[in-house]
Each structure stands twice: as C-alpha cells, then as structure tokens.
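Please open the model in your viewer and show it as a cartoon. The stops below say what to select and what is there.

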Amino acid sequence: MNIRQVITTAAIFCCLLVGTTNIATAAPLRSFTVQQFNKVFEKFVGLDVRVIGRKSLASTREIGLLHCEVRFKSRRLMEKLSRDVAKVQIDGRVVREGNRYVVYISAVKTLPSDEEEFQLRKRRLKEKSLEGWYELGDWATGQGTFYQDDKMSMLGREAHAQGIAIERAAASGKDAVRLKKLAAKAETYGLSPALQENLLFEAFVLMRDQAKSVADLGVAISEAATELPGSEIPLPHPQPKLRKQYKADPQTTYEGASATQRTLLHRILMSDLILARLQDQLDKNFENGFQIADLIDREIPEFRDLAQEYRDQSLKARTEQVATLSRADILDLQKHYDDQQQPDKGREVVEAWLEHRRNRLDEQDTEGLLNLSEEYVTMLNRPERATDLLLTAAERNPGNERIEAKLGRLGYQLQNGKWRAPRGGDEQDESDIERAMREGRPVLKMTATQLRKAMASEPAKILRIASQGQVDEFWLYGDSTGSQLAVRLSRRDGSPEAKVTAIGQVKLTP
C-alpha cells in the first residue's frame, strides 16, 4: 500500500468514526400525536420533531394531517403517498415563516390505521391485564373524540367494558363499595346505563346480605332510595312470579329484565332491605309486634299479611303473660283485639286477668274485693260477677259495713243471715241465673255471654231480625231434623248486651 492509499484509507476511517459518533450522540426526536403537537409546536421552532396523525392530503411537495394546525412541506420532490394510506409518521424541523409554522419533512413512514392499531394492541394484551385494557380504552376513546370517529369511540368503550368486567369479577360477592365505584366508572366511560344498573343492583343485594346492623341497613336504604329509580314506590300488584325469580337468583333475574321490570325489582329489593331492618328490631317474644306491624303497613304495605301475623303473635304472647300485665296493659290489649275485630277474645283476656286477681286476693282484703267488683262492672259490664264477689265478701266478712252498704244499694236484703236478691221490676234473682248456668240451661234475663257459658256450645243456627230501636236474635240448639230449643235474645238501642226474652221448642219444616 503506497502513502496515498494509506492517507485515503485513514481519511475514510476518520469519516466513518465521526459519522458513528454523530449518530450515537444525536438527541432522539420528540414524538407527538396531532392532538399533542397542536398545543406545543410554537415551542419547537428550529428543532426536529416527529408527528403521528391521520393523512388528510398528500402531494409530491406536501402532506396534510387531519386537524393539524401546522403544514408539512418538503424541499424536494417526494414519492406521493397512496390513497390507501390512512396514517403516517412524519419527521422534520419546525420553521416559522411569518405568522405561519411549517414542518419541513425529512422522512415519512406509513403506519397501520387506528382501527388496525387497536386490534394489534388488543392482541398483545393479556386477557386479565386490567391497566392495559383501560389504557387501550383511553387511547381509542381519545382518537374517537379528536377525529369524531364513532367506530374508535365504540372500540374505546369495548376496551373500557373489558376492564370493568375484570374488576367486577374480582369484586363480585365480596365488595359492594367497589361495585358501586365501578358503576360510577362505567358512567364516566359512557358505557351503557344497563351495565351501570347491573353493577348498582349487585352492590345493593350484597349490602343487604352483608349488613351486620340496623345502621348498615339504614345506609343501604338511604342510598338505594337515591340510586335505584322507583325503589320508594310501593308495588301496585304483588308480582309473585317476579318476586319468586328474584328470590331464586336476583342478579340473573335483574340482568334479563325489561326496563319496567327493573323498576319493579328496585322496589322488591328496597322492600327486602326495609323488612330486614324492621325484623332486626323485632323482639323475640313479639312484645313490639304491633309497632313493627304498623311500620310495615306504612313503609312496605306489600307485606300486610306479615304485619297481621306479627300482630297475632304479639297478641298471643301478651295473652300468655296476662297474669303479669298491668290494668293499662290489659285495656290496651283488649283494644288491640277490638281493632282486629276479635272483641270476644278481648273480653276473655280481661276476664282472665280479673279472675287471676280474684284468686290472689286475701280473704280479709275487703278493699281489694270492693275494687275488683267495680272492675267487673267498668271493664266487662258484668254486674252479676261484681255482685257475686260482694256476696262472697259478705260471707267471708260478716258485718262489714262497706260491703253491706254496697249490697244494700243494689237492692239486696239480709234475711236470717242470708242475702236475698231483689225481685220484680227488670231485675231477676241473680242466684237463679247462676244456678241455671251451673245446670246448663237458659233462663230469662240471661245475657248472651251467660247463655254461651250455660249451654257450653255455640248454637246450631242464629236468626237475626232488626226492627226500629231493637235487634232480636233466635239461637237454635239441637239437631235440625227434629225439635230444637229456641232462645230469643233482644237488645234495645243503648243496651250494653242482649238478654234472653223468650225460650221455647220449635220444629223446622224442610
């Protein structure tokens, strides 16, 4: 090799070395989407940049990017881009020319379209890559919004929905709060209202199942009233079929329901929440059964039958505790029976309470006997029982002035050491009625209550005739194929109870 060849070789080597150094130390290009570049191009005058966007026009001297505020020109002729090219990457330097900005192109590269890029990114994603799906959805939605591209917006929602599905699977059956946040996220992403409702409904079913206190149920009820439309409106009809499906599988039933049925299911779920709260407050022995029943009637009238069951249970429990109740409690219990159209049971409870008091009275407790006799009159309108008590008291406490004075006011007279009932007028010897009751037969002036006790059975038939100012009832006892005992009871307006006014035998013809 001669000197000239050595110098030439050295020069080439130096050039290569310098070129390699320049490539290694060159600053990387700043890369922008059109959306990003529109906001910052003024800051990059004199600098090289890379811009990625959708092609709007193309010639041998210029390329236009859709919605870009900067023009892209070439100082030399370029190969014209094909019409099929939708998206490009342009490298070049930003230059200001008067009031305009231009990027002078140094390189152009064609890229897959946004839809193609979406599919490429989607294929690279792992199935359960939560953040990856949300990032893909954000990118696609951003492209759809900027370019007013409905297809990309739809693909963005598809990716977001996949992210929601992954999160939902993790929260389902476990985390009601997370499910509610997912519903809000679905709304933010513009996903279907049906999906938002599905997530909310699942969350409230879970809140119902996981509630540990009345307070927890109260929170669920309050939030459901705001977030589940129609949940505060009682069902116009019972909806037994829909309720049965809901009980078997609430979420599947809801997701397969029509818009109208979904509103009904909102109410069914709300009624479940309210009922759970009320049942949590119900005493085990139904002491507050009436209060809970009243709340059911007011808040969830769909459960009226259950409210009545609670009332019946409360009455039964309180009746079994009659011996421990106060006078006010007994009167309240009697009123409840009256309100339930069961006045006879109310009277039985009062009588049982009075009998309990009577059995516990000391023989020498004159004051107690006198008070109890008054109670039979005021609470049961049973003057005969009051008189019986007074006669018993007089027998146990002969010579007691208060007892004798009271019997005297009732028309009784003390003869040969025995008290005789008054006769004549509208009164009958009480001992005759008592004797007839023991013997199981009716007598005149018996009350309806006394007649029932005397006969120890209900009449086979009752005939009722109402006339002005009076009601007559004919109580028939015995086999209808033969002769029957007929007892007529009459009650005039203002009388507390009907009394026996006639007794006889009748034979009814077929």
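Which residue of β6 does Arg71 stand opposite? Select Arg71 and look across to β6: the residue opposite is Val102. Bear in mind throughout that this is a predicted model.

Now widen the selection to the strands around this pair. Strand β4, residues 71–73, runs parallel to strand β6, residues 100–111, and 3 bridges join the two. Next, add strand β5, residues 87–97, which pairs with β6 in the antiparallel sense over 11 bridges. Keep Val102 highlighted: on the β5 side, Val95 stands opposite Val102, while on the β4 side Arg71 does so. If you turn on side chains here, remember that in a regular strand they alternate between the two faces of the sheet.

Follow β5 into β6 and stop at the turn. The hairpin has 2 residues between its strands, and Gly98 takes a positive phi near 65 degrees there.

A second hairpin is the next stop. Select residues 461–467 (strand β9) and 470–477 (strand β10); these pair in the antiparallel sense over 7 bridges. Within this pairing, Ile465 has Asp472 of β10 as its bridge partner. At the turn, again with 2 residues between the strands, Gly469 takes a positive phi near 85 degrees.

Finally, go to helix α13, residues 304–320, and select Ser314. Is Ser314 buried or exposed? Ser314 counts as buried because its relative accessibility is 0%. Show the residues around Ser314: leaving aside those up to four places away in sequence, Ser314 touches Phe286, Glu287, Gly289 and Phe290. A polar atom of the Ser314 side chain lies 3.0 Å from the backbone oxygen of Phe286.

Conventions. Residues numbered from 1 in each chain as written. Predicted model: local features only at pLDDT ≥ 70, side-chain atom pairs only at ≥ 80, totals over all residues. Heavy atoms only, no water. Helix = DSSP H or I, 4+ residues; strand = E, 2+ residues; numbered from the N terminus. Buried < 20%, exposed > 50% of the residue type's maximum accessible area, 1.4 Å probe, protein only. Polar contact = N/O pair within 3.5 Å; in protein donor to acceptor, adjacent residues only side chain to side chain. Contact = heavy atoms within 4.5 Å. Pairing = 2+ DSSP bridges.
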